[in-house]
Amino acid sequence: MTRVMAQLAMVMNLDKCIGCHTCSVTCKQTWTNRAGTEYVWFNNVETRPGQGYPRTYQDQEKWQGGWELDRRGRLRLKAGGRLRKLLTIFANPVMPSIQDYYEPWTYDYDRLFSAPVQDSTPVARPRSLISGEPTKITWSANWDDNLAGGPELAPSDPILKRMSEQVTLDFERAFMFYLPRICEHCLNPSCVASCPSGAMYKRSEDGIVLVDQDRCRGWRMCVTGCPYKKVYFNHKTGKAEKCTFCYPRVEVGLPTVCSETCVGRLRYLGVLLYDADRVTEAATVPDEKDLFEAHKNVLLDPNDPDVVAAARRDGIPEDWLEAARRSPIHKLIFDFGVALPLHPEFRTLPMVWYIPPLSPVVDALANTGHDGEEAGNLFGAIDALRIPVEYLAELFTAGDPEPVRAVLRRLAAMRSYMRRINLGRPRKESIATAVGMTGEKIEEMHRLLAIAAYDERYVIPKAHAEQGARLEELATGCSLDYEGGPGMSGPFGEASGRPRPVAVETFHALKERQESGALVDPEERAGRVNLLNWDGKGLPDGLFPNRKKES
Amino acid sequence: MNALDLILWGIAPYLALTVFVLGHVWRYRYDKFGWTTRSSQLYESRLLRVGSPLFHFGVLMVLLGHVGGLVVPKSWTEAAGVSEEMYHVVAVVLGTVAGVCTLAGLAILIYRRRTVGPVFIATTRNDKLMYAMLALTLVLGLSATVVANVLGGGYDYRTTISPWFRSVFAFQPEISLMAGAPLLFQLHALSALALFAVWPFTRLVHMLTAPIGYLTRPYVVYRSRDLGGERGTRPARRGWEPAGPPRR
Ligand code: HEM
Ligand code: SF4
Ligand code: SF4
């Protein structure tokens with residue numbers, strides 16, 4: 001063990017996602033409600049099977065994201081190494097165009113008010129936010145939501161294409177689920193590796209991957225580099241932007257906005273310890289199917305005294321070690337063994353993991369008239385139903401069905417074990433032992449997955465002031481730093497002088513400003529809701545107009 | 001030497017270079033957030049993929065050519081055994097090829113700017129001025145070469161313009177050398193000076209941060225929360241307008 005580092009990570013329990021898109025909307029409201037980022041969804045929720053966002057992003061033969069092994073088995077960027085990047089910098093050969101996302105639009109709302117009196121009701125026509133012209137809406141971030149246009153659109157799903165023809169047809173009847181996605185804050189981020197100016201970086205304290213807005217020069221190579229297509233190009237500022245893991249929130253111990261507002265309460269946040277010196281080695285294992293195990297091997301056991309000693313040596317604070325021991329992420333990956341990484345074959349070692357959904361299997365079983373909660377039935381169905389398992393395996397384990405099957409069996413065991421308890425029947429230990437667990441462990445897992453108490457879902461240690469010379473988050477240089485809001489003032493009045501960095505203190509200033517009403521251009525406040533300093537209690541500031549004070 | 005010559009070849013170069021240098025320093029310190037290529041590839045790729053490499057490789061060759069022609073004294077190349085004729089032929093051929101590539105690339109880029117709707121909307125007045133000056137300088141430079149060498153009997157700028165160029169940097173400007181140069185060369189030099197003077201205030205600043213360091217740095221960059229470095233002092237607001245259809 002040579003270099004211990006800490007990483008904030010997320011797990012999402014897909015069985016509980018109802019596809020409501022609340023996470024996407026609150027994220028957008030917080031981070032990307034500006035001109036230039038209309039099409040930017042740091043968080044998106046895609047229906048699987050489906051094309052994803054941007055369309056078919058998972059097809060790396062087309063989009064060239066992530067890493068691959070060269071002929072001599074060494075790791076290299078799929079889109080080409082350093083020299084190749086510099087030679088093609090003048091026009092990136094594989095950058096997705098706005099049409100691969102969608103052309104964002106608004107409506108001519110004004111016409112509803114300004115139209116002259118007439119017999120027909122006036123219509124607000126759609127207008128492109130890119131060209132300013134009237135437009136026809138033909139695609140969006142969620143066009144194939146809930147399998148809309150299924151037979152036409154779903155076959156372009158790159159995962160389906162990898163499966164056999166006959167499977168495709170059955171499958172449309174059989175199953176569908178939602179996949180919420182944010183940046184993976186990878187251990188081996190190919191976006192960072194692709195950035196020619198070195199503006200993208202992984203924070204050494206918590207592993208969050210950020211873009212330094214002052215150093216980004218708009219070479220737009222990161223967009224290609226990320227296989228998950230989670231770096232977006234702001235076409236107004238000419239700079240790359242990406243999910244920030246809501247660093248200003250997690251630094252003070254609050255969960256990310258997407259987690260906080262998740263209706264299904266399916267997101268878990270916590271700390272993992274990993275060995276930074278083994279990252280490249282793990283990303284380089286020859287067989288893609290071994291990547292999942294190799295990835296797990298990079299993660300360290302926070303209860304191991306050797307690990308703790310090494311972590312102390314490497315400057316990881318005590319409360320972070322404590323948080324790592326209580327980490328729900330570590331439990332879900334190791335103790336319960338139900339979390340899997342998304343597309344390990346991209347070799348970036350992603351750090352947002354997923355508990356695959358059992359519901360497709362349960363549904364299929366129930367459709368055949370069987371009891372979908374009975375352990376025997378479920379185990380049988382997991383083994384028999386090749387299709388959902390094969391699909392999930394393409395997503396989470398580079399096509400290896402065994403780990404997926406093992407996870408689904410555990411989830412199935414939990415289901416039937418807990419149902420017996422619910423129905424007042426005696427506990428049946430054999431269900432637990434059939435999946436290599438104990439009844440006690442299953443109940444513990446049930447507590448974390450089903451009851452999902454707030455402080456068990458989110459175990460987030462605060463950032464340490466003593467780790468940095470200054471309390472305020474200076475290095476992070478994310479897009480929010482540029483908001484006019486957080487208390488900028490200087491010799492030439494508001495908005496002159498040096499921009500102040502984002503920090504909790506400045507959030508309070510922002511709040512005061514929002515409430516005081518004075519001296520702020522009303523244009524500027526209109527429609528600006530700040531969810532960043534909202535703790536989930538009461539109403540967020542600015543969601544509704546301030547009550548007029550009686551004078 | 002009259003007053004005009006003094007102003008054009010003895011004073012203007014210093015003004016332009018001072019603005020170029022101080023302008024970059026100021027821009028870098030004040031407006032790091034604005035320091036970008038402002039790539040428009042998200043809107044359009046097909047034309048860009050032809051025009052941009054053509055223009056950039058061309059212009060880099062042109063830059064190299066200028067370094068060779070203006071900075072390296074004639075005596076050096078002669079000492080290295082390169083005869084005037086040889087030098088001349090190579091320079092004219094390479095220079096014309098590079099110039100034509102650059103100009104063709106620029107034409108494609110400007111055509112794209114004008115005809116592709118979203119790209120046109122994203123073109124600022126600053127961009128337009130920059131394109132005008134860039135195009136003017138290029139056209140003048142190319143025509144000076146063509147007129148002098150292909151149509152005329154050839155002009156050895158390495159005995160007049162180049163020594164003047166070097167003399168500027170020696171702070172002993174030999175004004176008369178340049179005052180006697182053909183008109184097209186003079187105009188080319190003047191428009192180039194003007195281009196240098198606006199350079200730091202346009203998107204052309206991206207050239208100065210060409211990412212050569214990428215070749216040697218490790219792939220994954222780790223950075224601590226507190227190692228921020230200095231950031232621009234400009235209260236950057238661009239990109240924080242509320243969303244809405246672009247104004248024409
Ligand atoms: C070696 C250094 C240089 C590099 C790496 C570089 C790279 C780039 C890149 C990536 C773009 C954005 C293209 C896009 O996606 O829209 C760009 C645009 C541009 N560059 Fe450069 N450049 C360099 C030098 C120069 C020089 C020396 C000039 C002019 C004298 C120049 C003039 C331009 C112009 C005019 C554009 C705008 C093109 C357009 O969108 O119409 N560049 N450059
Ligand atoms: S998922 Fe995030 S960290 Fe990983 S390569 Fe993409 S942008 Fe970078
Ligand atoms: S808010 Fe939660 S339940 Fe709703 S779509 Fe997002 S992840 Fe799924």
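**Notebook: loops, ligands and a nonpolar patch**

**Entry 1: two prolines in one loop**

I started with A:P49, which sits in the loop of chain A between β2 (44-48) and α2 (60-63). I note at the outset that this is a predicted model. I looked up the peptide bond from A:R48 to A:P49 and found it cis, with omega near -5°. I then went on to A:P54, which is also in the loop between β2 and α2 of chain A. The bond joining A:Y53 and A:P54 is cis, and its omega is about -10°. I wrote these bonds down because most peptide bonds are trans.

**Entry 2: helix α20 of chain A**

Next I checked how covered helix α20 of chain A is, residues 386-396. Nine of its eleven residues are buried, so I noted the helix as mostly covered. I listed the buried ones: A:I387, A:P388, A:V389, A:Y391, A:L392, A:A393, A:E394, A:L395 and A:F396. A:E394 is one of them. After α20(A) comes A:A398, with a positive phi near 55°.

**Entry 3: chain B as a whole**

I turned to chain B and counted its elements. It has nine helices and one strand. Where along the sequence does the β of the pattern come? The pattern reads α-α-α-α-α-α-α-α-α-β, so I placed the strand at the end. The C-alpha trace spans about 60 × 45 × 40 Å along its principal axes. Chain B holds 248 residues, and 45% of them count as buried.

**Entry 4: positive phi in chain B**

I looked for unusual backbone angles in loops. B:R38 has phi near 45°, a positive value in a residue that is not glycine. I found B:R38 in the loop between α1 (3-30) and α2 of chain B. Is B:R38 buried or exposed? Its relative accessibility is 17%, so it counts as buried. The cut-off for that is under 20%.

B:F171 also has a positive phi, near 60°. Its loop runs between α7 (161-169) and α8 (175-179) of chain B. Is B:F171 buried or exposed? At 62% relative accessibility, B:F171 counts as exposed. I kept both angles in the notebook because most residues other than glycine have a negative phi.

**Entry 5: ligand 1**

Which chains does ligand 1 lie between? I found it between chains A and B. I listed 25 residues around ligand 1, and the closest are A:R220, B:S39, B:H56, B:Y131 and B:H206. By class, the shell has 15 nonpolar, six polar and four charged residues.

I then looked at polar contacts. From chain A, a polar side-chain atom of A:R220 is 2.7 Å from an oxygen atom of ligand 1. From chain B, B:S40 brings a backbone N or O atom to 2.9 Å from a ligand 1 oxygen. The side chain of B:R203 has an N or O atom 3.4 Å from an oxygen atom of ligand 1.

I also asked which helices line the ligand. In chain B, α2 (46-71), α4 (84-115) and α6 (125-151) each give at least two residues to the shell around ligand 1. Which of the elements gives the most to the shell? I found α2(B), with five residues.

**Entry 6: ligands 2 and 3**

I listed the residues around ligand 2 and found chain A residues, among them A:C183, A:C186, A:C191 and A:C226. A:H185 and A:K242 are also in the list. This shell divides into eight nonpolar, two polar and two charged residues. For ligand 3, I counted 14 residues. A:C17, A:C20, A:H21, A:C23 and A:C262 come nearest. The shell of ligand 3 divides into nine nonpolar, four polar and one charged.

**Entry 7: a nonpolar surface patch**

I finished on the surface of chain B. A nonpolar patch of about 510 Å² is formed by B:M61, B:V89, B:V90, B:V93, B:L94 and B:V97. Which helix gives the largest share of the patch? It is α4(B), with five residues. I saw how places along a helix can share a side: an α-helix has 3.6 residues a turn, so residues three or four places apart point the same way. I looked closer at B:V97, which is in helix α4 of chain B. Its relative accessibility is 43%, so B:V97 counts as partly exposed. I noted that α4 of chain B also appears among the helices around ligand 1.

How values were computed. Residues numbered from 1 in each chain as written. Chains lettered and ligands numbered in written order. Predicted model: local features only at pLDDT ≥ 70, side-chain atom pairs only at ≥ 80, totals over all residues. Heavy atoms only, no water. Near = heavy atom within 4 Å. Polar contact = N/O pair within 3.5 Å; in protein donor to acceptor, adjacent residues only side chain to side chain. Helix = DSSP H or I, 4+ residues; strand = E, 2+ residues; numbered from the N terminus. Nonpolar A, V, L, I, M, F, W, Y, C, P; charged D, E, K, R; others polar. Patch = residues over 30% accessible without salt bridge, like charges linked within 9 Å, V, L, I, M, F, W, Y side chains within 5 Å. Areas by Shrake-Rupley, 256 points an atom, 1.4 Å probe, with all protein chains shown as cover. Salt bridge = Lys/Arg side-chain N within 4 Å of Asp/Glu carboxyl O. Buried < 20%, exposed > 50% of the residue type's maximum accessible area, 1.4 Å probe, protein only.
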